[in-house]
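Me: Hi! Could you walk me through this one? I'd like to start with the pockets.
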Amino acid sequence: DHYRFGISVGKKVGNAVVRNKVKRQMRMIIDNFKKNYQNNMDYIIIIKSNYAEGSFLEIKDSFESMIYKMKKGFNKETK
């Protein structure tokens, strides 16, 4: 009865300091949307090099819409 997240950040995103900052930001975003995740699911998030081009709010909104679409798709499959 739990979910798991894996976050992968490639070297093209930046040096170790930048990559760790990106991972911290993603963990914070993930924690904000806990009620939207399905239990017994594994999620893998792959951060691409253009992540730094967007603002934190844009990335948060994008993540929220992606989770909403995934949740909507999972509900259709289970019916």
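Me: Which residues lie nearest the centre of the largest pocket?
Reply: Happy to help, and keep in mind that this is a predicted model. Nearest the centre of the largest pocket are Ile45, Ile46, Ile47, Ser62 and Met66, out of 16 residues that line the pocket.

Me: Which elements give two or more residues to that lining?
Reply: Those are strand 2 and helix 2 (56-78). Helix 2 supplies the largest share, with six residues.

Me: And what's the volume of the largest pocket?
Reply: About 340 Å³.

Me: How does the lining split by class?
Reply: There are 13 nonpolar residues, two polar ones and one charged one in the lining of the largest pocket.

Me: OK, switching to helix 1. Which of its residues are buried?
Reply: Arg19, Val22, Gln25, Met26, Ile29 and Ile30 are buried in helix 1. They span an arc of only 140 degrees around the axis, so they sit on the same side of helix 1.

Me: What's exposed on the face turned away from that buried side?
Reply: Val17 and Arg24 are the exposed residues carried there.

Me: How far does helix 1 reach from its first C-alpha to its last?
Reply: Helix 1 covers residues 16-32 and reaches 25 Å, close to the 24 Å expected for its 17 residues.

Me: Last topic: how many salt bridges does the structure hold?
Reply: One. Arg4 pairs with Asp42, and their closest N and O atoms are 2.8 Å apart. The pair links distant parts of the chain, with Arg4 in strand 1 (residues 3-9) and Asp42 in strand 2 (residues 41-47), 38 residues apart.

Me: What's the relative accessible area of Arg4?
Reply: Arg4 has 48%, so it counts as partly exposed.

Definitions and conventions: Residues numbered from 1 in each chain as written. Predicted model: local features only at pLDDT ≥ 70, side-chain atom pairs only at ≥ 80, totals over all residues. Heavy atoms only, no water. Salt bridge = Lys/Arg side-chain N within 4 Å of Asp/Glu carboxyl O. Helix = DSSP H or I, 4+ residues; strand = E, 2+ residues; numbered from the N terminus. Buried < 20%, exposed > 50% of the residue type's maximum accessible area, 1.4 Å probe, protein only. 1 Å grid on protein atoms, 1.4 Å probe; cavity = no way out; pocket = protein on both sides within 12 Å on 5 of 7 lines; lining within 4 Å. Points joined across faces, edges and corners; volume = space filled by probe spheres on them. Nonpolar A, V, L, I, M, F, W, Y, C, P; charged D, E, K, R; others polar. Expected span 1.5 Å × (residues − 1). Arc of directions from axis to C-beta.
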